[in-house]
Amino acid sequence: IRIKSAAFNHRDLWIQKGQYAGLKYPIILGSDGAGIVNKIGDNVNKSLLNQDVIINPSHNWGDNIKAQSDSFKILGLPDDGTFAEYAKVNAKYVIRKPKNLDFNQAAAIPLAGLTAYRSLFTRAKLERGEKVLITGIGGGVALFALQFALASGADVYVTSSSEQKIEQAIKLGAVGGINYTKDDWHKELLKTSGNFDVIVDSAGGEGFNKLIDLASNGGRIVFFGATKGAVPNLILQKIFWKQLSLLGSTMGSENDFNNMVKFVEQHNIKPIIDQIFKMEQAEKAIKRMEEGSQFGKIILEIS
């Protein structure tokens, strides 16, 4: 595939810093990519040749739709990724680019879109009319979760340490939001917004106990990361008394990916892009991710 555009994820930053499992060098980073099929194998559908495509970075999921197999891997480590002029992948991980998106927008979708889609729909079973809280708005997965939840007819609230990011989320359709650096922010949110049917989190840590308080009876808390580490003093009594479901989620199956792309097309969802950098600006781009100031996906334009 001749790569036209790629996109950064925090995974790329952690690999660069040596803070990721299974490291090997040299390695070409990049899990997200969109481009044009340049060459195909003998047993590949010939109609893919010269087609505009996006790449599913979730490989070797396996036959169990409930969880990934032991051989599961993500494009960009251990296999070379998309921060290159050309990338080679198994044809089953290639899907035609949505017609409503340009290459930069399409490159923004794969990893973050897949993670958000599985979290909301496969794991949390989000239903129309439910109330959703998304923590740490501004990152790629959180923003896709916002867009997907809104498209499905949910009422969405957000948290952030940035008032500006909360305002931007409200402009996108969020009902409201709150700054989680405030003392007892969860109590204030509870008073103004009530409890939540679904909560989407990637931080964990001490703040996770506040999410348990914010969850409705029978609510679902789905999480795909633990950037703040382990949860101290988890109060199990609250979890079983409120009949809560704590749902871990990682990436997604091929079926999840295909359904996610269809969802994006059906609802004409345009990914939120923070900035677009040229290949020679890649280090500057990943520094922006490290600073945490972005709102949306950081794109690397290859060609």
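This passage describes the sheets, helix packing and local backbone features of a predicted model.

Two open sheets are described here, beginning with the parallel one. Its six strands follow the order E9-E8-E7-E10-E11-E12, and the pairing is parallel. The edges are taken by strand E9 (176-179) and strand E12 (245-248). Each has a single partner strand, so one side of each is left without a neighbour in the sheet. From one strand to the next, the twist averages 20°. At the E9 edge, strand E8 (residues 155-160) is joined to E9 by four bridges, and the two strands run parallel. One position in this pairing is Tyr157, whose bridge partner in E9 is Gly176.

Helices lie across this part of the sheet. Helix H5 (residues 163-172) lies across E8 and E9. H5 runs at about 170° to E9. Helix H6 (residues 185-193) lies across strand E7 (131-134), E8, E9 and strand E10 (196-201). The angle of H6 to E9 is about 160°.

The other sheet is also open and has six strands, in the order E6-E3-E2-E1-E14-E13. Here the pairing is mixed. Strand E6 (94-96) and strand E13 (273-278) form the edges. Each is paired with a single strand, so one side of each has no neighbour in the sheet. On average, neighbouring strands are turned by 25° against each other, direction ignored.

Individual pairings show both senses. E13 and strand E14 (residues 297-301) are parallel and share five bridges. Within this pair, Gln275 has Ile298 in E14 as its bridge partner. Strand E2 (residues 32-36) and strand E3 (residues 52-55) are antiparallel, with three bridges. Ala34 stands opposite Ile54 of E3. E3 is in turn joined to E6 by three bridges, again in the antiparallel sense. Val53 has Arg96 as its bridge partner in E6.

Helix packing was examined next. Two packed helices are described by the angle between their axes and the distance between the axes. Helix H3 (residues 110-123) packs with helix H4 (residues 140-151) at an angle of about 50°, and the axes are 8 Å apart. An angle from 35 to 65 degrees counts as oblique, and H3 and H4 are therefore oblique to each other. Their crossing is right-handed. On the H3 side, the contact is made by Ala112, Gly113, Thr115, Ala116, Tyr117, Leu120 and Phe121. On the H4 side, Gly140, Val141, Phe144, Ala145, Phe148 and Ala149 take part. The residues of this contact comprise 10 nonpolar, three polar and no charged.

H3 also meets helix H9 (residues 254-266). The axes of H3 and H9 come within 9 Å and cross at roughly 95°. The two helices are therefore roughly perpendicular to each other. From H3, the contact involves Pro110, Gly113, Leu114, Tyr117, Arg118, Phe121 and Thr122. From H9, it involves Asp256, Phe257, Asn259, Met260 and Phe263. By class, seven residues of this contact are nonpolar, three are polar and two are charged. Gly113, Tyr117 and Phe121 of H3 are listed in the contacts with both H4 and H9.

Aromatic rings were then paired by the distance between their centres, with a cut-off of 6.5 Å. The count comes to 10 aromatic pairs. One of them joins Phe144 and Phe148. The ring centres are 5.6 Å apart, with 40° between the planes, and the pair is tilted. Phe144 and Phe148 are four residues apart in helix H4, which means that about one helical turn separates them. Both residues also take part in the contact of H4 with H3.

Local backbone geometry completes the picture. Most residues other than glycine have a negative phi, and most peptide bonds are trans. The peptide bond from Tyr25 to Pro26 is cis, with omega near -5°. Pro26 is placed in the loop between helix H1 (10-16) and E2. The bond from Leu77 to Pro78 is also cis, with omega near 15°. Pro78 lies in the loop between strand E5 (73-74) and E6. Asn50, a residue other than glycine, has a positive phi, near 70°. Asn50 is found in the loop between E2 and E3, the two strands that pair in the antiparallel sense over three bridges.

Terms used: Residues are numbered from 1 along each chain as its sequence is written. This is a predicted model: local features need pLDDT of at least 70, side-chain atom pairs count only at pLDDT 80 or more; totals for chains, interfaces and linings use all residues. Side-chain values use heavy atoms; hydrogens and water are left out. Axes are lines fitted to C-alpha atoms, for helices over the stretch in contact, and angles run from 0 to 180 degrees between N-to-C directions. Angles under 35 degrees count as roughly parallel, over 145 as roughly antiparallel, 65 to 115 as roughly perpendicular and the rest as oblique. A crossing is left-handed if the near helix is turned anticlockwise from the far one by less than a right angle, and right-handed if clockwise. Contact means heavy atoms within 4.5 Å. Ala, Val, Leu, Ile, Met, Phe, Trp, Tyr, Cys and Pro count as nonpolar, Asp, Glu, Lys and Arg as charged, and the others, Gly among them, as polar. Two strands pair if DSSP finds at least two bridges between them. Rings of Phe, Tyr and Trp (its six-membered ring) pair if their centres lie within 6.5 Å; planes under 30 degrees apart count as stacked, over 60 as edge-to-face and the rest as tilted.
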